[in-house]
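Reader: I am new to this structure and would like to know what stands behind the terms used for it. Please take them one at a time.

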Amino acid sequence: MAVHLPPLNGAAEWLNSEPLGPADLRGRVVLVNFWTLTCINWLRQEPYVRAWSQAYRGDGLVVIGVHTPEFSFEHEVDWVRRAVAARSIDYPVAVDNDYAIWRAFDNYYWPALYSVDTDGVIRDEHFGEGRYEQSEQVLQQLLGIERELVPVEGFGPEAEADWGNLRTPETYLGLSRGEHFASPNGPALDERRDYELPASLGLNQWALTGAWTIGSESVVLDGAGGGIAVRFHARDAHLVLAPRAGQPIPFRVLLDGAAPGPSHGVDVDEDGNGVLADGRLYQLVRQDGAVAERTLEITFGEPGAAAYAFTFG
């Protein structure tokens with residue numbers, strides 16, 4: 001039985017467009033992309049979606065982004081608006097804060113792609129990264145065209161992961177999904193406590209130092225000079241961060257106890273200095289040369305930093 005494009009009702013706001021629905025889109029090929037601004041998997045997919053939107057717009061393709069938040073701070077429309085600007089997204093984006101469109105699609109994943117034909121029938125779906133060639137070929141078939149596939153290259157956090165060297169999984173820091181916490185005496189929920197680093201960290205373990213409050217979805221720094229350390233094996237290391245008070249917070253990143261030098265990520269300099277200003281994913285490390293097991297430590301100059309999850313690539 002054919003599954004049709006459901007109503008796109010219930011968005012808190014639409015960016016780059018007036019609200020759209022199946023009636024507005026009939027006769028057009030539509031690609032619906034579910035995303036959330038901190039998702040590294042979406043960030044690595046986005047260069048393709050952006051390129052397809054630009055390449056096939058004149059052929060009748062309409063790309064619609066649906067931003068459905070994972071973390072509480074991602075409900076802030078300003079953060080979504082900043083992410084749209086930072087990624088040069090010029091296609092319509094529905095801010096799906098109440099999961100209304102997510103539920104209408106019966107969706108469960110970030111990112112997710114749904115390809116819809118000119119009669120409003122969903123003809124293809126894909127969850128997660130990858131399979132880009134097939135997804136683009138589906139769009140060409142629905143548009144009734146055949147041409148060379150669009151060349152795409154991601155930069156910074158949009159670059160494809162180094163899958164062969166990726167041995168550390170996504171690591172949540174809040175107590176509801178947190179694992180591998182290694183500070184002595186363990187975590188305490190919703191209680192300000194002074195934490196220490198252990199004598200050593202095993203691979204994929206993480207720990208806190210300084211005064212922190214561990215909540216269900218994040219850890220929040222209560223005193224200047226506190227930090228987080230993680231032992232990882234991957235080319236790239238990222239951390240989802242948000243400032244609680246809205247004021248910029250300086251931070252410093254060390255790699256095996258030293259400045260990262262040429263192994264710094266796009267959000268820090270060679271000395272390891274960076275500034276937490278927006279709620280988003282920060283790329284802290286991109287290892288230069290051979291990928292090895294390393295210890296990353298990030299220290300914040302002011303209280304109020306909320307940290308949600310490490311991701312790697």
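Author: The model is predicted, and the terms below concern ring pairs, burial and a helix.

Reader: Why is the pair of F73 and Y308 called tilted?

Author: Of the 22 aromatic pairs counted, this one has ring centres 4.9 Å apart and planes at 50°. The centres lie within the 6.5 Å limit for a pair, and the angle is neither under 30 degrees, as for stacked rings, nor over 60, as for edge-to-face ones, so the pair is tilted.

Reader: What makes this pair a tie between parts of the chain?

Author: F73 is in the loop between β3 and α3, while Y308 is in strand β17, so the pair ties together parts 235 residues apart in sequence. Both F73 and Y308 are buried.

Reader: Why does the pair of W212 and F300 get its own label?

Author: The planes of W212 and F300 stand at 75°, with the centres 6.3 Å apart. An angle over 60 degrees counts as edge-to-face, so that is the label here.

Reader: How do you know whether W212 is buried or exposed?

Author: The relative accessible area of W212 is 0%, and buried means under 20%, so W212 is buried. F300, at 1%, is buried by that cut-off too.

Reader: What makes Y108 exposed?

Author: Y108 has a relative accessible area of 57%, and exposed means over 50%, so the term applies. Y108 also forms a nonpolar surface patch with Y109 and F127.

Reader: Why is α2 called largely enclosed?

Author: Of its 17 residues, 13 are buried, so the rest of the structure largely encloses α2. Helix α2 also has a kink of about 35° at E46, shortly before P47.

Technical notes
Residues are numbered from 1 along each chain as its sequence is written. This is a predicted model: local features need pLDDT of at least 70, side-chain atom pairs count only at pLDDT 80 or more; totals for chains, interfaces and linings use all residues. Side-chain values use heavy atoms; hydrogens and water are left out. The bend at a residue is the angle between axes fitted to the seven residues ending there and the seven starting there. Helices (H or I, at least four residues) and strands (E, at least two) are DSSP runs, numbered from the N terminus. Buried means under 20% relative accessible area, exposed over 50%, partly exposed in between (1.4 Å probe, protein chains only). Patches are made of residues with over 30% relative accessible area and no salt bridge: like charges are joined within 9 Å, nonpolar side chains (Val, Leu, Ile, Met, Phe, Trp, Tyr) within 5 Å. Accessible areas come from the Shrake-Rupley method with a 1.4 Å probe; for residues, only the protein chains shown count as cover. A salt bridge is a side-chain nitrogen of Lys or Arg within 4 Å of a carboxyl oxygen of Asp or Glu. Rings of Phe, Tyr and Trp (its six-membered ring) pair if their centres lie within 6.5 Å; planes under 30 degrees apart count as stacked, over 60 as edge-to-face and the rest as tilted.
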